[in-house]
Structure formats: C-alpha cells, structure tokens
Amino acid sequence: MRYMTAGESHGPQLTAIIDGVPAGLRISEESINADLGRRQAGYGRGGRMAIEQDRVTITSGVRFGRTLGTPIALTIQNRDWEHWTDCMAAFGDAPADLQREVTPRPGHADLVGVLKIDSDDCRDVLERASARETAARVAAAGVAREFLAELGVEVFSYVLSIGSAKMHEADPLRDAVEYKPLEIEISDVRCPNDAAADAMRAEIDKARELGESLGGTFRVVARGLVPGLGGYASADERMTARIGAALFSIPAIKGVEFGLGFEAARLPGSEVHDPIQLVPGSGFTRASNNAGGLEGGMTTGMPLIATCAMKPIPTLMTPLETVNLDTLEPAEASKERSDVCAVPACAVVAESEMAFALAQAYLEKFGHDNMADIKANLAAYRQRLKTAAK
Ligand code: EPS
C-alpha cells in the first residue's frame, strides 16, 4: 500500500491517491473528516484555519462504504483558493501586479528550493513545501487507520511540551499508554495534564505577542500490535527505519526517539533491556517497555512509543535577516499569515504517518487481497503465538 499527494497550499485542492488497499474494508468519510478536523485544530493556529473546513471527497475505489481493492482517490478543497485564482492560476500570464516572494524565510524551503529549481519567486517552492500538504496525508492515512482499527490497533498522540512548558511524567513509558484518548482530544493543546496545558497556552500567548513562533515535542503511541511486524534480515524491512523515515518526512520534525531513545545511550544494559516473561495461555510479554515496542527492527507486541521534536515554524512576525534575491542586499524575511504554534496539529499528522507505516507492515505479513483472508491469517498467527506459549 502506498500513497502520493498533489496540490499547492493556495491551489484549488489537495489530492491523494492510495494504491494497494485490500478489498472489503469498511471506510467512512466521516471518520476521515474527524481526523482532518483534529489536524486543523490546536491553540496557536493562524488565520488560515478560520477559512478552511477540511472535508474529504472520495471519487474512486469505494462502493457502498467498502473498498474495492482498487486505487482510492481523495480530494480536499482549499476554500482559500478563491482569493488566489490570479496569483496561482495554472495557465495564462502572470498578473502585471504579481508580488513575487524574494525574501526567503530562514528555516523554510524558500531559499534552497529556488536555488534548486532555478526560480525567481519563492512562491514556486513554498506553495508545495507548506505544511498544508499534510492534510492530504491525513486523509490518505485515514484509510490505514480504519484498516488498523479492524485489526484491533489504535494509534494516538499527545503533546509533551511546547516551548519551555513541559508536562511532567513520573514514568513516561508506562504513563504514555495510560492516557485516555478523550482527555487528549478535549485539550486544545492535546495535553492530558491541565496544569501543563495552561503553561503551554501561556507560552503560545507570549510568543504571539513577541512575533515569535514555537516548536515542541509530542508522543505517538500504537496499541494492540502483534509481535513480528517488519523484519530483522534486511535494512529496508526494519520498522525502526520505516517508522523513523515516515515521521521524519513530516515538515519541521527534527528528532525522533523510540522508547528510552537517547537516554538508552547513557544507561547500562541491565537498565535498558526489557526482561522477557511468559504469561501462560497468552504469550510472551516484557516486564518493561524501554525499547518502545521495537526490537531487532520488529514490533515486540508492546505499545509502540515514538517521541518527536518539532522545530518552531519559520514564518516570524518579527522577521530574521535574509537577502533580497532581486537586489542581493540584506533584508527582512517575508512574513505571511502563519501559525504561532502547530505542535498539536503535527502530532495528528505523525499519528497518520505511523498508522500508514504499520498498515503496510500488516499487509506484508498477513496478505493484501481482502479483509477476510487478512483477518483469518492474523487469527491463525495469534493462535500460534498463544499455543507456543503454553
Ligand atoms: C497550513 C496552512 C498554511 C499555514 C501552515 C500550515 O496556511 P497559509 O500559508 O495560507 O497561512 O497555516 O503552513 C506552515 C506552517 C508552513 O510553514 O508552511 C495547514 O493547513 O496546516
């Protein structure tokens, strides 16, 4: 299963095509729309989110609410397009009064992008490099999420820090799986701790006043996985690499850790590795989950826990120094409407990326033609693991 997206931030629409989805999977536009809504939300978002109300339209690959096993095409309209029809027209000449973007923002794709494609207008780059594209990813991954849900897998995320405001966790790798999705979803910073959430909002307010932007960290957790997804034999089978690549593909992600992550490099082996236990009639388990659900490039069956770091958004209302690409003189970087903080939104995108990577691994292991065969294969595998543990 794979997907591809197309679309500019201020073009008419975003498009995603997913190929390799098994037949017989029940999907609903409502649940994809719910994920799109979660991606749009969050304290610190900017004016664009007041314009958009992202909703998916599915135009192929689904009949009577079930997938056909054929490519699924999804689109999301950009409501803002109506304000950009001249500036972003696909054909015709550029308007005489076109304002080219010639003051690239440090931290965005603007400068390196125009150098790479030989353009004199950063808009040729930034329209696609914008994180708006992640709406199409969330829509595509909505199908993967429905697939995982049918197999008993849940993927959720929560925000750990925004700027210097951080949620305290006594035992992070245990706490991470205890949070209830509802207490995360009702928080506008996706943080289940009220005091930490207040501190995060205060940081965002302060940043907005200063013309600043803020990054942060969040965790993505997948529960209900079977052991043995991915593989140990070859580099491209390893889930650590595959999920890591998926998470690093999200704009602004600067760090990804699994389980203890960097902390594991500081501790002796006896405090890092998770003792193996046998639960008769059920299977093997671990006394702890420092590995974050991955061992030898495969899932262990314990919750998969990734912690991600997002850098602050590059568009600053108090801009940094840049160079004007026309005059080659020092200048202030462009400022256009943007978000002060999009960490909660980024966490939802990361859920989507993790869900897609996990769905691919399930399809590899249990077949990909249709849901009935996949479920039968999964049940047989679970039974073998239980029997082996008698
Ligand atoms: C975004 C839409 C964008 C930005 C943001 C993410 O809308 P606009 O550019 O019209 O304000 O709010 O993009 C960025 C942070 C970025 O760096 O490009 C969205 O839909 O998520």
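In the predicted model, the ligand is surrounded by H10, R39, R45, R48, M49, H108, S130, A131, R132, I313, R337 and D339. By residue class, this shell comprises six charged, three polar and three nonpolar residues.

Polar side-chain atoms of several shell residues approach oxygen atoms of the ligand. For R48, the separation between a polar side-chain atom and a ligand oxygen is 2.8 Å. An N or O atom in the side chain of R45 lies 3.2 Å from an oxygen atom of the ligand. In the case of S130, a polar side-chain atom is found 3.4 Å from a ligand oxygen. The ligand on its own exposes 470 Å², of which 93% is buried by the protein.

The site occupied by the ligand is the largest pocket of the model. This pocket has a volume of about 800 Å³. Its lining consists of 37 residues, and those closest to the centre of the pocket are H108, S130, A131, R132 and D339. H108, S130, A131, R132 and D339 also belong to the surroundings of the ligand. Elements contributing two or more residues to the lining of the largest pocket are α2 (48-51), α4 (123-129), β10 (253-258) and α11 (343-366). The largest share comes from α11, which supplies three residues. In composition, the lining of the largest pocket divides into 17 nonpolar, ten polar and ten charged residues.

The second largest pocket encloses about 590 Å³ of space. It is lined by 21 residues, and P227, G283, F284, T300 and L385 are the closest to its centre. Two or more lining residues are given by each of the strands β11 (276-279), β12 (283-286) and β14 (298-299), and by the helix α12 (371-388). The lining of the second largest pocket is made up of ten nonpolar, seven polar and four charged residues.

In outline, the ligand sits in the largest pocket, with polar side-chain atoms of R48 at 2.8 Å and of S130 at 3.4 Å from ligand oxygen atoms.

Key
Residues numbered from 1 in each chain as written. Predicted model: local features only at pLDDT ≥ 70, side-chain atom pairs only at ≥ 80, totals over all residues. Heavy atoms only, no water. Near = heavy atom within 4 Å. Polar contact = N/O pair within 3.5 Å; in protein donor to acceptor, adjacent residues only side chain to side chain. Areas by Shrake-Rupley, 256 points an atom, 1.4 Å probe, with all protein chains shown as cover. 1 Å grid on protein atoms, 1.4 Å probe; cavity = no way out; pocket = protein on both sides within 12 Å on 5 of 7 lines; lining within 4 Å. Sits in = over half its atoms within 2 Å of the grid points. Nonpolar A, V, L, I, M, F, W, Y, C, P; charged D, E, K, R; others polar. Points joined across faces, edges and corners; volume = space filled by probe spheres on them. Helix = DSSP H or I, 4+ residues; strand = E, 2+ residues; numbered from the N terminus.
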